[in-house]
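Me: Please take one part of this model and go through it closely. I would like to know what pairs with what, and what packs against it.

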Amino acid sequence: MLILGISAYYHDSAACIVKDGRIIVAVEEERFSRIKHDNNFPYKAIDFCLKYAATTINEIDYAIYYEKPLLKFERILETFVETWPFSLTPFLKGIPEWLDYKIKIEATIKKLGFKKQIFFIPHHLSHAAACFYPSPFGKAAILTIDGVGEWQTTGLWKGEGNSIIPLKLLNFPDSLGLLYSTFTAHLGFKVNEDEYKLMGLAAYGKPMFVNKIHSIVNIKDDGSFKLNLKYLGFREGFSMYNKRFEELFGKARKPEEKITKRHADLASSIQQITEEIYFKTLNHLYSITKTDKLCLNGGVALNALANGKIYERTPFKKVYVFGAAGDSGAAIGSALYTHYVILSEGSESKNLAKRNKITNHYFGSEYSNEQIEPILKKYKLKYKKFKTEDELINKTAKLLSQGKIVGWFQGRSEFGPRALGNRSILCKPNPRNMKTKTNIIKRREQFRPFAGSILQEKVDEYFEVPEKNLWSPFMTFCFKVKKNKIKELAAIVHSDGTCRVQTVNQKNGLYYRLVKQFYSITGTPCILNTSFNLKGEPIVETPSQAIEDFFKTKIDYLVMGNFLVKRGLLNN
Ligand SMILES: [Fe+2]
C-alpha cells in the first residue's frame, strides 16, 4: 500500500511516500526549487519521492492532502466579510490565486496523472498524527499549536493505540503563532521564516513589555486566550500589526535597521508570553488526560527554548516533539493518519496496525561515491579519496579538533528545518570565537546561537537535562549548559546559558562515529552543528549545491562521501 502525502500553499510545501505505515521518502520542495520555505505545489518533491521509491504515480494507492481547502476558504471568506471594507484590496488580489489553485487541489493532483482516491485530512489532525504515530508512546497527551490551519490554531488531543481523540480546539483569530509572527514582523524579520531569530534575540533582552502584551491578549488559567484585534492587522491582510500596535510597542524596525535593546526586550517579552500560554495550556492538557507522556507539533512547537522548560513547568515526564514540526511535517501526518485510521476503518485490525517509531529524519536524497566523484571533477576540484570510513572519520575528527570548519555532506538529507549531521557545517564547540567565525561564514547575524550535537550517553554531564541518557534527536529542546562546562562549550552557549541540543547515538550512523572520534581526540563529546547553507538559502540537497556554497564561503574543508576537498587546493 503506497500513500502519497502532500502539503502546500501556506509555507514549507512537501511530499512524502508512506508504505505500509513506514516513511520511505520525504522531502521539502525548497530543497529543489531553492526558494526558502517554498509554498508552491510540490511538483519537484513529488517527482523526487516517486523516483526514490522506484514507483510511478499510477502505482500510488491514495493521495492525501494535509488540510481541507474548502474549510480554509470558508475562513478566508468569513474573515473578509467581517473586516469589510478594509480587507477588500488584499482579498481581491488573492482571490484569483485561490480560484486557480487552492480550491482546485484535487484537479492539480489529478493533473499529475493520479486517478485514484484523494483524502483531505484536517490540518491540526495532520499535525497531531505527525507527532503521535512516530512517537514511542502507546498513550499520550498531544498538543498541536501553530499560526492557523483551516480554523484551528491550537488543538488538545489524546492519543491511544492508533486513535487520536480531540479534546479541545481553539480557533482563528486567537492564535499564538500569529501573535508571535506579529512581533516577528514588527521587529523587521520575515513572517513564517524568521521566528527563530526572535527566539535567539530574546536572550539579550528583559521582558519589559509583558504588561503591555497582556493588554492585547487575555489569557485564562487553562491557557486559552482572546486577542484584542484592535491592535492586530492580520485579519485585514495588509500587515500583521497596525498603528495602534506601534503606538503601544514603538515604531516597527526596518529589516536592515540596527537591533537595539528595545528590540531585544520585545523579543524577550513575547517569548515570556508564549511560555505563559504554552505552560498553562500544557498543565490543563495534563489535568484532562492524566498521562505524563506528551507529543508536540505545529510551528509553535519549534520554540526549543520553551520546549526545554516543559519538564520544570509541567508534570510531563516524557516529551516527543516531531522534528519537522511545521507544515512540511503535516504531509507525513496526513499520510500516517490515513494509514492508521482511515484505511483501518471497519477492519478487524483497527487499532492493531503496528506503529513505527521515527528515530531519525534522514528521508531525502543520497549520493554514492560513484555519483559524487564526477561532480567533483566537473568543478575541477582536487580531492583526496579515503579508502575506508574509518580513515574518513579519523581525518575529519582531527581537522575539527584543529579548529577547522568542515562542510559535511553524507547519506540521506534531513527532512525538516534542522541539519542533523548529514548536511551540516561543523566545527569544535570552543573557544568562543568559533561562533563568530561560523556566523561570518554563514553570513548570519552575530546574535544568533548555534546548536550542539552531543553523544547521548554524555548529555547529562554537560546539560541540565531531566534524565540521564535523555533522547533529543531533532534539536527541538534548549537546555542550560552546566556551569563547569561553559568554557568547554563556549561557542554554543547562548547568552542565557542555554544551548539547542541534538543527542546522537548509533542510529545517526557515520555522524555518531564522527562525534565519538572527536571525543576520543579532544575529550569533548560535543561538536557545533549548523545547517549547510548560507543565510536566506534552503539547506543544500545535492553535491553541486554543496560545492557552490563551498566556493562562496570560507569553509576550510568539504567532506562529501569518501572525498575530502581542501580550500586552497582548488583548480579554479
Ligand atoms: Fe500548521
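Reply: Start at a single bridge: Ala-14 is partnered by Glu-28 in strand 3. Residue numbers start from 1 along each chain, following the sequence as written. The model is predicted; local features need pLDDT of at least 70 and side-chain atom pairs count only at pLDDT 80 or more, while totals for chains, interfaces and linings use all residues.

Strand 2 and strand 3 run antiparallel, joined by 6 bridges. Two strands count as paired if DSSP finds at least two bridges between them. Strands (E, at least two residues) and helices (H or I, at least four) are DSSP runs, numbered from the N terminus. The hairpin of strand 2 and strand 3 has 2 residues between the strands. There, Asp-20 takes a positive phi near 45°.

Now the whole sheet. It is open, with 5 strands in the order 3-2-1-4-5 and mixed pairing. The edges are strand 3 (22–28) and strand 5 (117–120). Each has a single partner strand, so one side of each lacks a neighbour in the sheet. On average, neighbouring strands are turned by 20° against each other, direction ignored. Is edge strand 3 enclosed or open? In strand 3, 5 of the 7 residues are buried, so the rest of the structure largely encloses it. Buried means that 20 or more other C-beta atoms, placed from the backbone, lie within 10 Å of the residue's own; 12 or fewer is exposed, and in between is partly exposed.

Strand 1 (2–7) pairs with strand 4 (62–65) in the parallel sense, over 4 bridges. Leu-4 sits opposite Ala-63 in strand 4.

Next, the helices on this sheet. Helix 14 (327–340) lies across strands 1, 2, 3, 4 and 5. Helix 14 runs at about 145° to strand 1. Axes are lines fitted to C-alpha atoms, for helices over the stretch in contact, with angles from 0 to 180 degrees between N-to-C directions.

Helix 14 also meets helix 6 (123–132): their axes come within 7 Å and cross at roughly 85°. The two helices are therefore roughly perpendicular, a label for 65 to 115 degrees; under 35 is roughly parallel, over 145 roughly antiparallel, and the rest oblique. Helix 6 contributes His-123, Leu-125, Ser-126, His-127, Ala-128, Ala-129 and Ala-130 to the contact. Helix 14 contributes Gly-329, Ala-330, Ile-332, Gly-333, Ser-334, Leu-336 and Tyr-337. Contact means C-beta atoms, placed from the backbone, within 7 Å.

For comparison, take another sheet. It too is open and mixed, with 5 strands in the order 8-7-6-11-12. Strand 8 (163–171) and strand 12 (318–321) are its edges, each pairing on one side only. The twist averages 20° from one strand to the next. Strand 7 (152–160) and strand 8 are antiparallel over 8 bridges. Glu-160 has Ser-163 in strand 8 as its bridge partner. Helix 11 (261–289) lies across strand 6 (139–145), strand 7 and strand 8. Helix 11 runs at about 150° to strand 6.

One more helix is worth a look. Helix 19 (510–522) buries Tyr-511, Leu-514, Val-515, Gln-517 and Phe-518. These residues pack against helix 16 (389–401) and strands 16 (451–455), 18 (498–504) and 19 (526–531). Just after helix 19, Gly-523 takes a positive phi of about 85°.

Terms used
Contact = placed C-beta atoms within 7 Å.
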